[in-house]
Amino acid sequence: MKAEDIKKILIAGAGTMGQSIGLSCITNGYSVVLYDIKEEFLSAAKESMFKKIDRMALAGMIPQEKIISFKNNIYTTTDLSVAGADVDLVSESVPEDPDIKGELFEKLNTVCPERTIFTTNTSSLVPSMYAGKTGRPDRFLAFHFHPGFKMVDVMGHSGTSAEAVETVRRFSELIGHAPIVLKHEKAGYLFNSLLNPWLLAALNLASREIASPEDVDRSWKEMTAMPVGPFEMMDYIGLETVWRITDFWARKRNDSNAQMSADLLKKYVDRGEIGMKSGKGFYDYTIKK
C-alpha cells in the first residue's frame, strides 16, 4: 500500500500522545478512530480534541469552514473489533510495556484488514521486541511523534519491508511532519537517546538525596542558559511515562541506581502528581506566579 492510499487511521490509546497524533491526521483530511479501554477516556479525549480544533481555527491554523467536518471525522469506540474493521494504518500509543503492546497488536491482527500497516509510537522500546506478535512483522515499524513538534522518527526492525518504511515516511509528510528514517533499531531513537541519560542523571542525584530537584534544575539552567531543567522537562512529559520507562529498564538491566530513581518517581505517580497535566509533579502548577 502507498501512502496516498491511506484514508482511515486507528489511534490506539486516547491519551495526550494519541490525541496529538489524531489531530495531525484529522486536520490534514483523514478520518480517525480513537480506541481506548474506557468510555470516560474517550469522552475526555474527544472533548479535548474539539477544543483544540476550535483554538486552531481561531488562531488561523485551519479554515473556519473545516471545523465541523474535522470534528465529524473523529470516531470513538471501546470495541477493538469495531476500531480495526476498516483502517489503513494503526498508530499505537498504549503504556510502555512490551507485553501490553504485543497483546494489543496480536488482537488487532485478527480484526484489521490484510492491507493495514501497524505502527508503534513507543518512546523507549524497539519494534523487534513484539514484532512477532503482530502477525505481520513485514508491515510493522515504529512511528514516533514528539507532541508540539514536526519531527517524527520512522524506524523499522530487521523484518520490516522497505515498502512499509517508505509508506510511513511519506504518510508523515502528508500529515505535515518532517520524518527522520533511522537506519537501524535504536531504543530511544535520536532525541530520546540524548534526553534519557540526562533525565536519569538528574533522577540519580535527587533519589540519592545529593540535591533537591529544584537545585538540580537551577544548576542546569544557570550553567547552560537553557529555559528548563530536567525535572521541569519530566513534569512536561508526564511522570507516569518517565516512571514506566525508568522502571522497565532498571529491572531489565538489574540497575540498582536506576531502580532508586524509578522508586522516587513512583511516589509521585501513586499520589497522582504526574506533572503539568495533573497540576502538580515535581513542581506545583496550581500556584499563580
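This briefing covers a pocket, a helix pair and one phenylalanine. The model is a predicted one. Helix α7, residues 191-207, links the first two topics: this helix gives the most residues to the lining of the second largest pocket, and its axis also crosses that of helix α11.

**The second largest pocket**
- The second largest pocket holds about 160 Å³ of space.
- Its lining includes Phe191, Leu194, Leu195 and Trp198.
- Trp220, Met226, Pro227, Val228 and Met233 also line this pocket.
- Helix α7 supplies four of the lining residues.
- By class, nine lining residues are nonpolar, none is polar and none is charged.

**Helices α7 and α11**
- Helix α11 spans residues 256-270.
- The axes of α7 and α11 come within 9 Å and cross at roughly 80 degrees.
- Angles of 65 to 115 degrees count as roughly perpendicular, so α7 and α11 are roughly perpendicular to each other.
- From α7, the contact uses Leu200, Leu203, Asn204, Ala206 and Ser207.
- From α11, the contact uses Asn257, Ala258, Met260, Ser261, Leu264 and Leu265.
- By class, this contact has seven nonpolar, four polar and no charged residues.

**Phenylalanine 70**
- Phenylalanine 70 is found in helix α3, which covers residues 67-72.
- Phenylalanine 70 counts as buried because its relative accessible area is 7%, and buried means under 20%.
- Leaving aside neighbours within four places in sequence, phenylalanine 70 is in contact with Ile26, Thr27, Gly29, Ile53 and Ile62.
- Tyrosine 285 is 215 residues from phenylalanine 70 along the chain, and their C-alpha atoms are separated by 32 Å.

Terms used. Residues numbered from 1 in each chain as written. Predicted model: local features only at pLDDT ≥ 70, side-chain atom pairs only at ≥ 80, totals over all residues. Heavy atoms only, no water. 1 Å grid on protein atoms, 1.4 Å probe; cavity = no way out; pocket = protein on both sides within 12 Å on 5 of 7 lines; lining within 4 Å. Points joined across faces, edges and corners; volume = space filled by probe spheres on them. Nonpolar A, V, L, I, M, F, W, Y, C, P; charged D, E, K, R; others polar. Buried < 20%, exposed > 50% of the residue type's maximum accessible area, 1.4 Å probe, protein only. Contact = heavy atoms within 4.5 Å. Axes fitted to C-alpha atoms, helices over the stretch in contact; angles between N-to-C directions. Parallel < 35°, antiparallel > 145°, perpendicular 65-115°, else oblique.
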